[in-house]
Amino acid sequence: MTAFRAAGPAMPRVEGPLKLTGAARYAADHHPDGVLHAVLVGAPVAAGRLRGVDAAAARVLPGVLAVLTAADLPSFPELPPPSAVRVMPFSDDRIDFEGQPVAIVLGESVEAAEAGRAAVVVHCERGTPVLLGHGRREPAMGGDEVVFDKGDVDAARAGAAIRIEQTYLQAPRHHHPMETSGTVAQWDGGQLTLWDAVQASSTVIPVVSAAFGVDAANVRVVARHTGGGFGAKGYIWPHEILAAAAARVAGRPVKLHLRRSDQFSSVGYQPWMEQTIRLAADAGGVLLGIEHVVVNNAGLVDTHVEPATEASKSLYAAPAIRLRQLIERVSLNVPTAMRAPVEGPGLWALESAMNELAEAAGLDPLDVRLANFAETSPADGRPWSGNGLRDAYEEGARRYGWRSRHERPRRDGPWAIGHGMATCTMGSFRFPGAARVRLHRDGAVVEANVHDIGTGVQTVLSQIAAEELGIPAERVDMRWGDTDLPRTGPTYGSSTTVGTGSAVAAAARDVTKQLAELGQAGRDPFEALDRAGIDELAGDGTFALPGGAEFSADGAGTPYAMRTWGAIFVEVGVDPDFGLLRLRRAVGVYSAGRIVNPVTARAQMTGGIIWGWGKATMEESDQEPVHGRWLAKNLSNVAVPVNADIPADIDVSFVDEYDEAASLIGARGIGELGATGVDAAVAAAVHDATGVRVRDLPILPWKVLAG
Ligand code: MOS
């Protein structure tokens, strides 16, 4: 059986040289013979009716091959999940958001297609757009994730010594990966190949096959390198289907690579959110009840629920919990999951409220968390598969010097210095998947349909195979990014190492078992293969969930509740005259099961903390209040952290763990955990420095000054 193994070796990324030399090819780097370039034409109004598309001037431009409108395209059925939209654009004349595609220009060059786009005139009847905060609210449909009741929250509040009731807001944010979403589509008879910028290529197939009524076996998706995604490439979006439709109509391959301006409205973003938290506690800060009501915006037709209430169901030992999820329908494209979804937004509210509870109870924010530590799952009492949260609190406080923070200087020149902390947590997302390991006489090849999205998964999977086979990781090659390879889970939800890593480990063990059956047990595998006179031995491995489930967020179907944990401590400088904020230091300690590669793991968490700082203090996508469209159309006024915003002193470490229940490799999942809790910790630090509580993200200078 599995012995405890410490963190794996720090191995540099195997896919690094491909990127540094330009050999890595992204979706839009594929140019099949005869490829046409497609550019979307979007509705110029955010609400109303399409009256007509006048493409006469565009069609006569040199290099413009066609301008496709609804009449030229096939009619599509309602699309199944994980399509982000149920009803494809072009299905009727309703305009539900600005930028909604109403035509597709096909050109011999991207320049020709762009020129054609500029010459298309779209006639619309203009309606009145529904703005954020003014839409119709309705309960989110769903299961326990969105409506949850335990105990009597009202009685808890009635008997409480301390009551906290606050509403926390956060602005919409766009993912904006460096590589915009894009698809190159090619039909060969009834066979469709997509080179697609995606996070889960295997899930593209059922949606595309439903859209065109073709057999799933006739659709192949190639997606090796994905230039960032953060969730925007997690589900299937209309441009992927439109590229294939245009290719079918034109009889030539089509490349549809979203312009940066179309990235705002053609794929999702993190929704606007309003969260109300009501805490009831005794005089010692021990929780008696939590109520958490979440509203996130959706589109007028399509729905995305951001189940931020999950945070309040999973973290603290409250005897009474009431959770409600609502959506608000507005004239915007439908939002989607964004890096650290679910608990990411949820902890902004819950952890901010916990910091307010600490103040009301006269407790250190760390002590109020320790006082409410959940020994078992607050949702259903299951024991944790692993929970190093207490160790994370203790080690984080030690590394930060938390208990002595106020003994250090409170000013540094113009900067007032504040300290804040929060708990980090996410569900342990697990998806089933498969992998194959081929042992040759001089090396091994891992085959699994993962993508390279920059997290280092090729390196980690190579390490896992090498460790299981007992060979150097340098002797392992990877084949990935093609639906012809063994199907794995998606490249999202912090799930790849857990699921595909376990499948790779199982496949490697299958190889070892076959070697033993050949009488070669205990030998160096290359020598064993040589002695057996075999050139290649292939092992297959799978990672399955209880009951054959397709997804589990928290160990469903097992005796254990599975989550990842952490504690984040931040030091923030505030200029009280200008309201400027500076991140000065951060310490994060995380409990996520076994860490396979400390280098890639640390990079994930550092990136998460930077991401969290951006969410806390910078990122905001505004809906323009007259026209109802996204205000920005490019990145020139989109604030995100750059190197100058981030101090060198980001201290990341991990609790030493091995979680046998969560996966074959002892891991529970890490990627997005680092982005949780940061916003609440930053808000607490701003309060510590200035006495101002900002409950509306991002914490912009004017909000600090207004306080
Ligand atoms: Mo992340 S929202 O799981 O890509």
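1. Which backbone nitrogen does a side-chain oxygen of D524 reach at the start of α14? In this predicted model, the partner is the backbone nitrogen of F526, and the D524 oxygen comes to within 3.1 Å of that atom. At the other end, just after α14, G533 takes a positive phi of about 70°.

2. Helix α14 spans residues 525-532, and its buried residues are P525, F526, A528 and L529. Viewed down the helix axis, these buried residues fall within an arc of 160°, so they line one face of α14. The cover over them includes two strands, β19 (433-440) and β22 (536-543), and two helices, α12 (457-469) and α13 (496-517).

3. W348 belongs to helix α9, which runs over residues 343-361. Its relative accessibility is 0%, so W348 counts as buried. Leaving aside residues up to four places away in sequence, W348 touches Y168, L169, Q170, Q275, K615, D679, A680, A683, V694, R695, D696 and L697. W348 and D484 are 136 residues apart in sequence, and their C-alpha atoms are 41 Å apart in space.

4. A search of the whole structure gives three cavities of 30 Å³ or more. The largest cavity has a volume of about 70 Å³. W348 is one of its lining residues, together with Y168, S352, N355, E356, A680, A683, A684, H687, R693, V694 and R695. The elements that supply two or more residues to this lining are α9 and α16 (678-690). By residue class, the lining of the largest cavity holds six nonpolar, three polar and three charged residues.

5. The second largest cavity contains about 40 Å³ of space. Its lining consists of R25, Y26, A27, H30, W195, D196, V222, A223, R224 and H225. These lining residues divide into five nonpolar, two polar and three charged.

6. Turning to open space, the second largest pocket has about 390 Å³. The elements giving two or more residues to the lining of this pocket are α6 (238-250) and α7 (260-266). Of the elements, α6 gives the most, with three residues. The lining comprises 26 residues, and those nearest the pocket centre are V87, D96, F97, Q100 and D302. In the lining of the second largest pocket, 15 residues are nonpolar, seven are polar and four are charged.

7. Two cis peptide bonds deserve a note. The bond from P81 to P82 is cis, with omega near 5°, and P82 sits in the loop between β3 (64-68) and β4 (94-95). The bond from L697 to P698 is also cis, with omega near 0°. P698 is placed in the loop between β26 (696-697) and α17 (701-706). L697, the residue before this second cis bond, is among the residues that W348 touches.

8. Which backbone angle is positive at H176, although this residue is not a glycine? The angle is phi, at about 45°. H176 lies in the loop between β9 (162-170) and β10 (182-188), and with a relative accessible area of 15% H176 is buried.

9. A340 is not a glycine either, and its phi is positive at about 60°. The residue is found in the loop between β16 (320-329) and α9. A340 has a relative accessible area of 4% and is buried.

Definitions and conventions: Residues are numbered from 1 along each chain as its sequence is written. This is a predicted model: local features need pLDDT of at least 70, side-chain atom pairs count only at pLDDT 80 or more; totals for chains, interfaces and linings use all residues. Side-chain values use heavy atoms; hydrogens and water are left out. On a 1 Å grid over the protein atoms alone, a cavity is a set of points where a 1.4 Å probe fits but cannot get out, and a pocket is an open set with protein on both sides within 12 Å along at least five of seven lines; lining residues have an atom within 4 Å of a point. Grid points are joined across faces, edges and corners, and a volume is the space filled by probe spheres set on the points. Helices (H or I, at least four residues) and strands (E, at least two) are DSSP runs, numbered from the N terminus. Ala, Val, Leu, Ile, Met, Phe, Trp, Tyr, Cys and Pro count as nonpolar, Asp, Glu, Lys and Arg as charged, and the others, Gly among them, as polar. Buried means under 20% relative accessible area, exposed over 50%, partly exposed in between (1.4 Å probe, protein chains only). The arc is that of the directions from the helix axis to the C-beta atoms. Contact means heavy atoms within 4.5 Å. A polar contact is a pair of N or O atoms within 3.5 Å; within protein, one must be able to donate a hydrogen and the other to accept it, and residues adjacent in sequence count only if both atoms are side-chain atoms.
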